[in-house]
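Work through the exercises below with the model open. Try each task before reading its solution.

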Amino acid sequence: MSAAKTEPVSKVLDAVIIGSGFSGLCAAIKLREKGINNIALIEKGDGVGGTWRENTYPGAACDVPSPLYCYSFEPNPEWSRLFSPQPEIHAYIRHCADKYGITPLVRFNEKVKTLRLDDAHIWNVELHSGETMQAHHVINGSGGLHKPMIPDFAGLETFEGPYFHTATWNHDVDLDGKRVIVIGSAASAIQVIPEIAKVATHVTVMQRTPNYIARRGDIVFSDKDKAQFRDKPETRAKLRQDIFDFLEAENVPIIKRDSEVAARRTDEILGHMRGIIKDPDMRAKLTPDYELGCKRILLSDNFYETLTLPHVDLVASGVERIEENAVIASNGERIEADVIIMATGFDLAGHAVELEVLGEGGHNLATRWINGPDTLNGACVPGFPNLYWVTGPNTGVATNSVVFMVEAQVNYIVQAIELAGRDKTIEPTEEVVAAQDAQFQADLKDTVWASGCNSWYLGEGGAERIGTLYPYDARRFAAERATLNVDEFLIKQR
C-alpha cells in the first residue's frame, strides 16, 4: 500500500480522517510514517486542535500533567507548568501539525454528514457542503468533548442578558461588574469560576451534585527546568515515566469498589475541603454521597478558596426555570443575573451517533447501537469494514492520559489499514465482538463506576451498561493493541 511520493494521487484516497485534534493528527502522522500519503483530514473548525481549539474559557487547562499529555514521539520541553493552560496545548498541537506536514492535508471548515459504503466497498464521505469524497479507509478521530450539552431550561430564550456554554465562550461579553450565574460545578466550572470571580460583582454557583475535588498541586517550570528538559532527554523521559507510573499506582486501585486506597484518598480529599471551608452548611453541600471515582475526580488549587469569597454564593440546586433577569432554582430560590454561563458538560451519547453511518447492505450504525455501542477494542465494528474509531466505545482509560491511549489505538488502526490496503476489506467477527463486549460489561460491574451514582460514564441503561470506559489499566490497554490479531477479523478481497 506504500505510496511513493512520485505516485499520482488517486481519486480514491487511502484514508479520510475526521478531526484534527490529538487523535486525527496522530493517525495522519503515523499513516505517513508508513508511506501512506494519499490522505485527507476533515475539520469542522478553522484550525487544528480539537477540544483545545474550541474550549477557550478563562482558566481552561489540562488535568493530566503536561509531560504525559503530549505525544511520546514529540516531547515538549517548553511547558510552562506541570498542568499547562489551553493556549499552550493548542500551540503544541499546531506545532505538531506543521512539523509533520499535516496542516496542508486538512480541509478546514468542512463537516462530515454521512459515511456510506458503496457496492465496491469504498467509503463515500458526504460533506455538509454537498461534496462527496471517496476513501478505502475512514478513521473517526473526533473526540467526545466537542458537542456541548445544553439542557432544555424552561424560559432560557426569555433571558435578556447574554448566555453561553463554556465550550462556546463569548469573549465579547465583559463580565466586569456583572452578576454571573454559573450552572454546573464539574470539570469546566471549577476552572472558570475562580477566574470569573476576579472580575464579576457577584457569582452564583449552581451545583446539582457535589464532586470530589482533589488538590491539583500545580507548579511552574523554571527556565532551569526547561533547559534541563531540552538538553537532557533522559531527564524528560524519566519524568514522563514517573508520572505514568504514579497515575497507574494511584488510580487503578480506586476504580475497584470498596478499595482501601479509595478510602484513604476520600479522607484526604474531604479533609482538604474541610480545611478551607469552615461553614458547616457549605461543607455539607460540598460532600458527595457516593463512592470516590463513581464520577470523575476533579483537580483544583483554588476552587474551594473561591467559594469562601464574600461575593460568591453556592446554591445546591438545579434549575426550575429561567426568567428575563433571573434563574429560579429547583429549591424555589430566585437569583438575579446579568449573565448566565452553562458549565453543563458534553453530549457523549449524541457524539457516538452524530454521523449517519451506513455500512454493508445500507445498515445504519445508529440502529445497531440503539442498545449501546459494541466494538472490537473500541476501534471497529462488524458490518462496517475499513472504518475505525480512535476514541471509540470503552476506550476511556480513566487511570491515565488520553494521549497515551490515542497513540496505542492509532498503532492498532494503522496495522489494520496496512493489512487491508487498497485491495481488501477488514472487519472484526461478530463472535469476537460479542465475547469482548460481554467480558467488558461483566468486569465493569466490579468497578466504582457501577456503584450507583448518575454520571456521564453511564449509557441509557444506567449502570447496566457502561459504554465509555475501559475496565482495566493503561498498560493492559496498550498491550492489547500492540499487535493486531488477524484471527479476530474477516479479511476479504474487494
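**Exercise 1.** In which strand does V339 lie? State whether V339 is buried or exposed, and list its contacts.

*Solution.* The model is predicted: local features need pLDDT of at least 70, side-chain atom pairs count only at pLDDT 80 or more, and totals for chains, interfaces and linings use all residues. Residues are numbered from 1 along each chain as its sequence is written, and side-chain values use heavy atoms, with hydrogens and water left out.

Step 1. V339 lies in strand β16. Helices (H or I, at least four residues) and strands (E, at least two) are DSSP runs, numbered from the N terminus.

Step 2. V339 has a relative accessible area of 1%. Buried means under 20%, exposed over 50%, partly exposed in between (1.4 Å probe, protein chains only). Therefore V339 is buried.

Step 3. Set aside neighbours within four places in sequence; V339 then contacts F159, P162, F164, V173, L175, K178, R179, V180 and I181. Contact means heavy atoms within 4.5 Å.

Step 4. Now take S300, 39 residues from V339 along the chain: the two C-alpha atoms are separated by 24 Å.

**Exercise 2.** Give the strand order of the open sheet that holds β16, then place helix α4.

*Solution.* Step 1. The five strands run in the order β7-β16-β8-β9-β12, with parallel pairing. Two strands pair if DSSP finds at least two bridges between them.

Step 2. β7 (163-165) and β12 (312-315) are the edges, each pairing on one side only.

Step 3. Neighbouring strands are turned by 20° against each other on average, direction ignored. Axes are lines fitted to C-alpha atoms, for helices over the stretch in contact; angles run from 0 to 180 degrees between N-to-C directions.

Step 4. Inside the sheet, β8 (residues 179-183) and β9 (residues 202-206) run parallel and are joined by five bridges. I183 has M206 in β9 as its bridge partner.

Step 5. Helix α4 (residues 187-196) lies across β8, β9 and β16 (339-342), at about 175° to β8.

**Exercise 3.** Which way do the residues of β2 point, and how does β2 pair with β1?

*Solution.* Step 1. In β2 (residues 39-42), I39 and L41 point one way, A40 and I42 the other. All are buried.

Step 2. β1 (residues 13-18) pairs with β2 in the parallel sense, over four bridges. V16 stands opposite A40.

**Exercise 4.** Where is V486 found, and what is its accessibility class?

*Solution.* Step 1. V486 is in the loop between α14 (474-480) and β20 (489-493).

Step 2. Its relative accessibility is 41%, so V486 counts as partly exposed.
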